[in-house]
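Open the model in your viewer and have the selection panel ready. We will take a short walk through it, one stop at a time.

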Amino acid sequence: MTINSIVKRIAVPLIYLMTIASCSRPENAPALVADPDNGGIALPRGFYALVVADDLGRGRHIAVRNNGDIFLALQELKGGKGIVALRDTTGDGKADVISYFGDLPGTGIHIHKDHLYFAHDTAILRYKLRQNDLLPDLVPETIVSGFKREYQHAAKTIAFDTIGNLYVNVGAPSNACQQNDRTPGSPGMDPCPILENYGGIWRFKDDVLNQTQADNGSRFATGLRNCVAIEWNSRVSNLYVVQHGRDQLNQFFPDFFTDEDNANLPAEEFFLLEEGDDCGWPYCYFDFQKGIKVLNPEYGGNGDSIGRCAEKKNPIMAFPAHTAPNDLIFYHQDQFPDRYRQGAFIAFHGSWNRSPLEQEGFYVAFIPFDNQLPAGTWEVFARNFAGVEPVNSPGDALHRPMGLAVGRDGSLYISDSVKGTIWRVFYQ
Amino acid sequence: MLFILVSCKGKKVAAHTGSEAGELVYKKYCLACHQDNGSGVPGMYPPLIKTSWVQGDKTRLIGILLNGLEGKIEVNGQVYHTAMPPHQYLTDQQIADVLTYVRISYGNEADAVLPEEVASARNQSQPTN
């Protein structure tokens with residue numbers, strides 16, 4: 001054989017094959033090895049998962065730094081600390097260094113402008129991140145303080161736009177603003193005084209210390225019962241939230257609502273929020289099956305009447321009742337296939353109040369988007385967190401998806417509230 | 001073996017003639033939060049399973065049902081801090097029935113609550129903290 005013919009017959013095809021092999025893996029696909037069972041969760045074809053860490057505590061929201069470091073908020077202190085920091089030093093995706101810091105428990109957590117922002121139930125703090133260290137400066141600054149200690153819908157969650165604003169979900173300490181909360185037949189207060197300081201999204205500056213809601217906060221949107229899932233979509237410059245709808249229609253107004261009605265009403269609403277929006281709580285709820293906003297029975301509703309609800313903001317999408325949407329992120333990376341880009345992921349923590357019917361949720365959903373709006377129906381993306389089916393009571397669930405974050409490489413991170421398990425989902 | 005597994009699921013473990021009325025009250029007013037098996041909701045509503053809160057002091061227990069409960073409590077080693085609303089609209093008989101039912105269900109073993117005891121506690125009307 002001549003040199004030329006060797007090149008033609010062997011080297012060129014070999015180079016061709018090597019190029020094909022490397023191009024078949026998407027750009028930015030990490031060279032990760034999935035857990036044999038994908039960490040126990042079920043994913044669409046082509047997606048895999050590994051468990052980054054487990055038994056971290058009662059996990060809440062999660063943040064991932066560009067260098068891959070992970071921060072998890074805890075609902076309860078573990079060893080006296082409320083935030084977990086994790087670092088993978090070997091590149092296999094599993095956490096090798098796990099450190100606890102912070103003296104307060106909380107829910108919201110977010111990396112923004114070189115700081116780790118952390119939302120306790122009554123205050124928003126931030127820790128200065130250091131360039132190479134896992135742990136930030138351990139003495140936090142207070143950005144917002146003085147939220148009143150409440151015992152219902154007290155968790156604070158946060159989002160940031162790109163022009164210096166911090167958005168805070170201030171949940172309403174109430175189910176439907178009844179005169180006597182959660183009491184059969186008790187009418188709603190009209191107008192609802194709770195809306196003055198709760199039941200909406202408040203906006204603050206993201207870098208001014210010691211702000212308070214009264215002096216520095218401006219109410220961005222109202223009529224929102226509790227929106228644990230809140231996110232700024234930087235691609236379209238809009239704020240989005242997903243609301244926890246009211247509970248126990250059957251228990252408080254049995255003349256109008258059966259057990260089955262209660263299990264299916266109201267929908268959890270997904271909103272694109274603009275300043276000044278009024279989304280209707282407590283006067284209204286969204287009927288998933290009818291596709292309209294109707295009056296709550298506390299305000300004279302009977303399941304059909306609309307009244308003032310005709311003027312309230314409608315959702316861009318509605319989800320099954322009581323599924324507890326607890327986090328929302330928009331996917332802006334390019335590891336996942338094209339159809340996932342721009343889309344939204346929502347973590348549904350799982351219901352408690354569909355009893356005596358089965359509970360629902362305990363999955364991460366995906367919604368394709370085209371610019372500002374959904375471009376199709378929603379689908380379950382990751383499931384089997386609960387580990388049992390059906391789930392009759394949320395205490396039966398082995399895991400409940402709670403927090404979402406996207407790494408710089410495009411991996412999707414999911415946190416769990418039962419044991420603090422963190423999954424890293426990737427596409428290969 | 002199967003029997004042990006079944007009973008360990010946390011369902012009612014004893015026959016409860018006379019507490020059917022209590023079970024009806026439970027299903028209507030308590031089940032949503034405390035759940036069909038008494039397990040409550042993690043982080044939100046405490047379990048009623050084998051706890052001194054249920055089996056212990058009757059006056060305290062009646063007071064919780066009458067006046068509600070707000071603030072952190074620890075039940076079986078876990079902390080809960082979601083408010084429980086008052087249930088003063090239930091009659092003395094209903095409260096006696098449902099507490100009697102819960103005190104012999106979910107692994108609990110304690111004596112009945114009488115309507116007179118509820119009436120007496122209602123008259124005192126002391127909020128629990």
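Start by selecting A:Leu328 and A:Ile346, and show both as sticks: A:Ile346, in strand S23 of chain A, is the bridge partner of A:Leu328. Keep in mind as you look that this is a predicted model.

Now widen the selection to residues 344-348 of chain A, which make up strand S23, and add residues 325-330 of chain A for strand S22. S22 and S23 run antiparallel, and five bridges join them.

What else belongs to this sheet, and in which order do the strands lie? Colour S22, S23, S24 and S27 of chain A in that order, and you have the four strands of an open sheet with antiparallel pairing. At the edges sit S22 and S27 (379-382) of chain A, each of which pairs on one side only. Turn the view along the sheet to follow its twist, which averages 30° from one strand to the next.

Next, go to where the chains meet. Select the contact between chain A and chain B: 20 residues come from chain A and 18 residues from chain B. Colour the chain A side by class, and you will find ten polar, six nonpolar and four charged residues touching chain B.

Finally, show chain B as a cartoon. How many helices and strands does it have? Chain B holds six helices and two strands, and tracing its sequence gives the pattern α-α-α-α-β-β-α-α. Of the 129 residues in chain B, 40% are buried. Among contacts in chain B between residues at least 6 apart in sequence, 64% link residues at least 24 apart.

Methods:
Residues numbered from 1 in each chain as written. Chains lettered and ligands numbered in written order. Predicted model: local features only at pLDDT ≥ 70, side-chain atom pairs only at ≥ 80, totals over all residues. Pairing = 2+ DSSP bridges. Axes fitted to C-alpha atoms, helices over the stretch in contact; angles between N-to-C directions. Contact = placed C-beta atoms within 7 Å. Nonpolar A, V, L, I, M, F, W, Y, C, P; charged D, E, K, R; others polar. Buried ≥ 20, exposed ≤ 12 C-beta atoms within 10 Å, placed from the backbone.
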